[in-house]
Every structure is written in C-alpha cells, then in structure tokens.
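Subject: Structure handover

Hello,

Here is the structure for you to take over. My notes on what was found in it follow below.

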Amino acid sequence: MFREMRRKKQALSTEECIACLDSGTSGVLAVSGDNDYPYAVPLSYVYHDGRIIFHGAKSGHKLDAIARNEKASFCVIQQDHVVPEKYTTYFRSVIAFGKMHILEGESEKGIAIEILAAKYSPNDEEGRLKEIDREFNILCMFELTIEHMTGKEAIELVKEKHASTGGV
C-alpha cells in the first residue's frame with residue numbers, strides 16, 4: 001500500500017522517527033484541497049501514542065479538505081544544514097501517513113489540547129490551563145492516526161553515525 005524507501009541505507013528507525021517528531025515544533029500537513037489541488041499547511045503539533053495532534057479554527061480550507069478525504073500526510077524536518085562547499089544539505093526528516101479525525105467530544109478534545117499545550121509550555125501549568133479554558137469553545141482539535149511512517153537522513157549523517165558506533 002505504501003512505497004518502500006528507495007535509499008534504504010538512509011532510512012531512520014521507528015525510534016529515530018519518533019525522536020524527530022518529539023523534538024520538532026512545526027511541520028507541514030498535506031491534505032487533498034479544493035479542485036483536487038494538494039493543500040499543505042504548516043502547523044504546530046505534538047506526537048503522542050502513534051498519533052499527531054493539532055489545533056486550529058473550527059472552519060476553513062483544512063477542515064473542509066479533511067471532511068472530503070480523511071487521508072493525509074505530515075512532514076517534519078528535524079535538521080537541514082546547508083553545506084555549500086559540498087553542494088548538499090545534511091538533513092533529517094520524517095513523513096507520516098494516516099487518517100485525520102476531528103476530535104468531537106469535550107473530554108477527548110480537552111485531553112488533546114492539554115497534551116499539545118504541555119509540549120509548548122511545559123513549565124507553566126497554571127497559565128496554560130487558563131489559556132485552554134479561555135480558548136476552549138472556539139478551538140478545534142484534530143489528529144492524524146499514523147498508518148505508515150518513514151524517516152530519512154543525509155548519507156553523510158549515516159556515515160557519521162556508523163563511525164561513532166564502529167559500524168560500517
């Protein structure tokens with residue numbers, strides 16, 4: 001159903017993919033937009049238990065697209081170091097494929113926003129709970145349940161990793 005990665009030597013393990021998602025602060029959600037044009041939108045997110053949680057407005061292009069087609073992908077670039085003298089970049093990125101789901105129930109929505117808010121404001125529980133309470137009614141929470149995920153890094157990073165662990 002999903003394509004196999006062409007450059008397998010550069011593939012990240014599932015654990016490395018999750019670490020990339022955990023460390024990132026933004027990524028790009030791609031959905032099937034109006035008139036069959038792809039619609040890709042940058043979003044803040046949190047990875048949690050095999051799903052990626054987002055927040056946004058209760059209406060708009062993104063939600064219209066999700067209502068039409070639940071399939072989506074989400075890409076996070078953890079590293080993108082341009083090396084001009086070598087005409088390359090030392091990159092590390094992850095792409096997750098899955099199905100989008102709008103969180104409808106207040107409990108489900110409340111848990112999701114608390115998980116997301118804790119990622120971005122981990123040391124201010126009182127402040128984040130006040131903000132959640134203030135914005136809760138106008139907030140839409142949605143998630144991508146991951147069905148397939150791949151990660152890839154520049155071959156130079158693979159070589160560095162092997163050199164530091166004594167691998168080939």
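Asp49 is a convenient place to start: this residue is exposed, because its relative accessible area is 65% and exposed means over 50%. Please keep in mind throughout that the model is predicted. Asp49 sits in the loop that links E3 and E4. Its phi is near 50°, which is a positive value in a residue other than glycine. Most residues other than glycine have a negative phi.

Tyr87 can be read alongside Asp49. Tyr87 is found in the loop between E5 and E6, and its phi is positive, about 55°, although Tyr87 is not a glycine. With a relative accessible area of 78%, Tyr87 is exposed.

A positive phi also turns up in a hairpin. Strands E1 (residues 27-32) and E2 (residues 38-43) pair in the antiparallel sense, over six bridges. The hairpin they form has five residues between the two strands, and Asn35 in the turn has a positive phi of about 55°. One of the bridges joins Ala30 to its partner in E2, Ala40.

Overall layout

The protein has five helices and seven strands. Read from the N terminus, the order of elements is α-β-β-β-β-α-β-β-α-α-β-α. The C-alpha trace spans about 55 × 45 × 30 Å along its principal axes. Of the 168 residues, 37% are buried. The protein exposes about 10,400 Å², and 51% of that area is supplied by carbon and sulfur atoms. Taking contacts between residues at least 6 apart in sequence, 72% join residues at least 24 apart.

Two residues of strand E5

Strand E5 covers residues 71-83 and contains Ser73; Ile77 lies in E5 as well. Which of these is buried and which is exposed? Ser73 is buried, because its relative accessible area is 15% and the limit for buried is under 20%. Ile77 is exposed, with a relative accessible area of 55%.

Their contacts are as follows, leaving aside residues up to four places away in sequence. Ser73 touches Val28, Leu29, Ala30, Ile95, Ala96 and Phe97. Ile77 is in contact with Arg92 and Ser93. In addition, Ile77 and Glu153 are 76 residues apart in sequence, while their C-alpha atoms are 9.9 Å apart in space.

Helices H2 and H3

In helix H2 (residues 61-68), the buried residues include Lys62, Leu63, Ala65 and Ile66. Seen down the axis of H2, the buried residues fall within an arc of 160°, so they line one face of the helix. The general background is that an α-helix has 3.6 residues a turn, so residues three or four places apart point the same way. The cover over the buried residues of H2 includes E1, E2, E6 and E7.

Helix H3 runs over residues 106-120. Its length can be checked: at 1.5 Å a residue, its 15 residues should span 21 Å, and the end C-alpha atoms are 21 Å apart, which agrees. That expected span is 1.5 Å times one less than the number of residues. The buried residues of H3 are Lys109, Gly110, Ala112, Ile113, Ile115, Leu116 and Ala117. Covering them are, among others, strand E3 (46-48), strand E4 (51-56), strand E6 (88-103), helix H4 (125-135) and strand E7 (140-153).

Nonpolar cores

In soluble globular proteins, nonpolar side chains tend to be buried together. Here the largest nonpolar core has 26 residues, and those with the most contacts inside it are Leu29, Ile52, Phe54 and Phe142. Helix H1 (14-23), E1, E2, E4, H2, E5, E6 and E7 each supply at least two residues of this core. Strand E7 gives the largest share, five residues. There is also a second, separate core of 12 residues, which includes Ile115, Leu116, Ala117 and Ile132. Of these, Ile115, Leu116 and Ala117 are among the buried residues of H3 listed above.

Regards

Conventions:
Residues numbered from 1 in each chain as written. Predicted model: local features only at pLDDT ≥ 70, side-chain atom pairs only at ≥ 80, totals over all residues. Heavy atoms only, no water. Helix = DSSP H or I, 4+ residues; strand = E, 2+ residues; numbered from the N terminus. Buried < 20%, exposed > 50% of the residue type's maximum accessible area, 1.4 Å probe, protein only. Contact = heavy atoms within 4.5 Å. Pairing = 2+ DSSP bridges. Arc of directions from axis to C-beta. Core = buried A, V, L, I, M, F, W, Y, C linked by side-chain atoms within 4.5 Å. Areas by Shrake-Rupley, 256 points an atom, 1.4 Å probe, with all protein chains shown as cover.
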